[in-house]
Amino acid sequence: MKTTTVTSRRRSALNASVVGAALVALLSTAGPATAQQVVVQGNQRVDSATIQSYVTGAGSLEEARRNLLQTGMFSDVRIARRGSQVVVSVSENRVINRVVFEGNRKVERATLEAEVQTKARGAYNQATVDADVQRILDIYRRTGRGNATVTPRVVDLPNGRIDVVYTINEGDKTGVKEINFVGNRAFSSSKLRDLMTTTEMNLLSFLKNSDVYDPDRLAADQELIRRYYLKNGYADFRIVSTDAQFDAARGGWIITITVDEGEQYRVGDVQLDSRLPDVDPDNLRRKIRTQPGQVYNAEAVERSLQDVTTEVARRGYAFAQVRPTGQRDPTSRTVNIGYVVEEGPRVYIERINVRGNTRTRDYVIRRELDLGEGDAYNKVLLDRAERRLNNLGYFKRVRITNEPGTAPDRVVVNIDVEDQPTGAFSIAGGYSTADGLIGEVSVSESNFLGRGHFVRIAGNLGQKTQGIDFSFTEPYFLGYRMAAGIDLFSKFSDQTQYSRYESRVTGGQLRLGLPITEEIGVTFRYSLYQTELKIPNSLKQPYNDCSVPLPGYTAINPATDPLTRATGAPGETALYPNCAYDGEASLALKEAAGDTLTSLVGVTLAYSTLDNGKNPKNGFYAEIKPDVAGLGGDSRFLRVTGEARYYYELWEDIVGIARVQGGHIMGFGGNDLRVVDHFFLGPSLVRGFATAGIGPRDISSGDPNGNAVGGTTYFGGTLEVQFPIFGLPRDLGLKGAVFADAGTLFDYKGKTIFDLNADGRISGLGPNGCSAVRATVFPECLNIRDSSMIRSSVGASLLWNSPLGPIRFDYAFALTKDEGVIDPATGVKIGGDRTQAFRFSGGTRF
């Protein structure tokens, strides 16, 4: 009996299962219904016909249900057959009135709105809101706020509308706590960290954002490390892995980069195989930068490829390609390098697409390419264009790829870029021993209006200097790779501490720069400026009272005052005013007072192989600047200046620097040089000396402190070693230095005789030139102390490349200097060099 009952129950369950499965199969496989058969329930804003179209157009009712849910307009959809009708019951998502962000202070609202997918006037979707929370958190992690939290909530409004509110707790800054390297042997971890733009958090974190974890920046840093190893001979180098973990306990990111260095290789044999007719291989070999015995340098190989490619293209082989070959010999640790020059496939560029540039104009990007649409495709030239675009600083990311064109011999080149901010507003303040306290406000834009123009306007105000300047540069003048620009300026300078005068220089400059090669460039300049020179004459600055007595000034009888005792020349009064002891400008300065217009044309020829323009460690830089003044205006002179600097990394991060400099100026057309056209030098030539502290001085007036009159010839040299300070993080930017300077300035060529009284008699002029100090009422000639002796000094420096600007402290001790002569009237030394042991200069940006 029990067996019969169980069997009956099993059959009933089986029958029910079969019927249920048949119903499900019928519902799933039922064909599409017509619009008259579809009944829509629960919809308020979405039109019924719209919903019916999803049902009638679907292959099955289940597919229709999924499609309706995927529209994001409904939170729930149910579809059922009831006889000949299909009933669709929907629950609509609420409509978003607005999206609100609360608590965001470090990230702008526009940035958040662009990232989230929940939008005003759209349908509310909880999954989208949850995804937006993660997007917002990712933004905050990229800006160094890894502990940020985001809480979404909904505010109900009438008519089924809602506000979506994201409440943000930004938390404290969570930057990069540590950057660790694993597997590095040739270079220390600190050296590799120094190569990166990503830095670790330290005491200056509140002033910088380079310690913020940014995956894109970290990827760029890995490329910098890779190129550094390849540049230094590690041809097998590779980055095994990069791991970035957020440590909540420490409140920051821990980055671990694992590398495989391999062995260092040197260049073995270098061969060039030219398979092009009528091309002399010897001419091409001169373009190769890799030589046997050198440490293997991938950058030198790249430049060799570029130079050889350019040379063969210039000779008419547009489709020629240069490809490198390399054979490593692990035993001898050498790489045999070959350059194969051959006719490449005849592939043309069909089209160049520029994508992603929201601000920069297309032509600004295209002009960095040495080829265009219709030209022969050349991979080497495209690689060079990619490097140029990256070096512009306009873009966060640049990537050049290609894809097949409409024909086998056609290719499409795609240039994908991402614009980044290029403008800067800065307020700077600083102090220097030459100019005192100084402040500057400047606005600059390196990609003005997306046209690639550089524009800068700045104004400064200080204790001894004030001025304003404007600069504009067009890097591609007339569509050619020529940088044309204009500079306008007006600068006031108070030189009374050194030479007893004030000046204002107002004018402008036109310039045109031409790159000759990657290392050599030439710039043509034309300058027109007016110099207004004044001699202050007040009770506070009585530097012209010997010529223009001040009211209430009392003369002193030399017969009763031993400090001014002198014998007057026959027929002259013996009364000599005490005007020189409180400072008196040289007659050369008084003669130059007033306005002078200078029209000057010049050339700058520069050569550079520096590895880094801002912080070089290896390489050579030299420039020479000849100038001619006399194309109109009041000044007539020829001037040439030059300098050369050599950098060499003695040990890791210890850099030796050798520098030489020199210059000469001369008048022409029978004109004496004006005193202000001479060179005035001090710490820029030999540290340990004051501004205008070196060179010829006028000792006629008896002023023991001022009256440098400048020289026409100078030369000098410097040896310096810069080194990191042990125990301090590298990214603090602090370095030490020791140095030795030597140089001289001599040969005054200005006017020396002045007939102040216009009587044909020159007071103080004797058979041997201008007589001793104050031998007459007031001399009408200059007694110039002019010594060509070598001045020298040694010292130490502290350099700080702070986030707010470069600051330098120099302390120097003068080893040799011109001691001057004794004034017979006072027993005081005059005409000697002026020393200044401590020198400080720097600025800040905030």
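**Entry 1: a charged network**

Which residues are linked with K191 in a network of salt bridges? I searched the predicted model and found that D194, K617, E649 and D653 are linked with K191 in such a network. I then placed this result against the whole structure, where a search finds 53 salt bridges.

**Entry 2: the protein as a whole**

I next looked up the overall figures. The protein has 846 residues, and buried residues make up 42% of them. I counted its secondary structure as 12 helices and 37 strands. Its accessible surface comes to about 42600 Å², and carbon and sulfur atoms hold 54% of that area. I also looked at how far along the chain the contacts reach. Of the contacts with a separation of 6 or more, 61% are between residues 24 or more positions apart.

**Entry 3: helix α11**

I chose helix α11, which runs over residues 379-392. The helix has 14 residues and reaches 20 Å from its first C-alpha to its last. I noted that this is close to the 20 Å expected at 1.5 Å a residue.

I then looked at both ends. At the N-terminal end, N378 acts as the cap of α11, with a side-chain oxygen 3.0 Å from the backbone nitrogen of V380. After the helix comes G393, and I recorded a positive phi for this residue, near 85 degrees.

Which residues of α11 are buried? I listed V380, L381, L382, R384, A385, R388 and L389. I kept a general point beside this list: residues three or four places apart point the same way, because an α-helix has 3.6 residues a turn.

What covers these buried residues? I found that the cover includes two helices, α9 (298-314) and α10 (362-366). It also includes the strands β11 (320-329), β14 (395-404) and β15 (410-419).

**Entry 4: the salt bridge of R384**

R384 is among the buried residues of α11, and I looked for its partner. The side chain of R384 meets that of D370 in a salt bridge, at 2.7 Å from N to O. The pair links distant parts of the chain, 14 residues apart: D370 is in the loop between α10 and α11, while R384 is in helix α11.

Are the two partners buried or partly exposed? R384 has a relative accessible area of 11%, so I entered R384 as buried. D370 counts as partly exposed because its relative accessibility is 35%.

**Entry 5: two further salt bridges**

I looked up E62 and found a salt bridge with R66, the closest N and O atoms being 3.7 Å apart. Both residues belong to helix α3 (residues 61-70), and because they are four residues apart, about one helical turn separates them. E62 is partly exposed at 31% relative accessibility. R66 is partly exposed as well, with a relative accessible area of 42%.

I then turned to E532, which forms a salt bridge with K534. The closest N and O atoms of E532 and K534 are 3.6 Å apart. I recorded E532 as partly exposed, at a relative accessible area of 29%. K534 counts as partly exposed too, at 48% relative accessibility.

**Entry 6: polar side chains in loops**

Where does R500 lie? I located R500 in the loop between β20 (483-494) and β21 (502-515). R500 is buried, since its relative accessible area is 7%. I found that its side chain reaches the backbone oxygen of T496 at 3.0 Å.

I looked up E200 next, in the loop between α6 (189-195) and α7 (215-231). With a relative accessible area of 22%, E200 is partly exposed. The side chain of E200 reaches the backbone nitrogen of I179 at 2.8 Å. I also compared E200 with G252: the two are 52 residues apart in sequence, and their C-alpha atoms are 9.8 Å apart in space.

**Entry 7: a nonpolar patch**

Which residues form a nonpolar patch on the surface? I noted I516, I520, L605, Y607, I624 and V640, which together have about 470 Å² of accessible area. I followed one of them, V640, to strand β25, residues 637-651. V640 counts as partly exposed because its relative accessibility is 33%.

Technical notes. Residues numbered from 1 in each chain as written. Predicted model: local features only at pLDDT ≥ 70, side-chain atom pairs only at ≥ 80, totals over all residues. Heavy atoms only, no water. Patch = residues over 30% accessible without salt bridge, like charges linked within 9 Å, V, L, I, M, F, W, Y side chains within 5 Å. Areas by Shrake-Rupley, 256 points an atom, 1.4 Å probe, with all protein chains shown as cover. Salt bridge = Lys/Arg side-chain N within 4 Å of Asp/Glu carboxyl O. Buried < 20%, exposed > 50% of the residue type's maximum accessible area, 1.4 Å probe, protein only. Polar contact = N/O pair within 3.5 Å; in protein donor to acceptor, adjacent residues only side chain to side chain. Expected span 1.5 Å × (residues − 1). Contact = heavy atoms within 4.5 Å.
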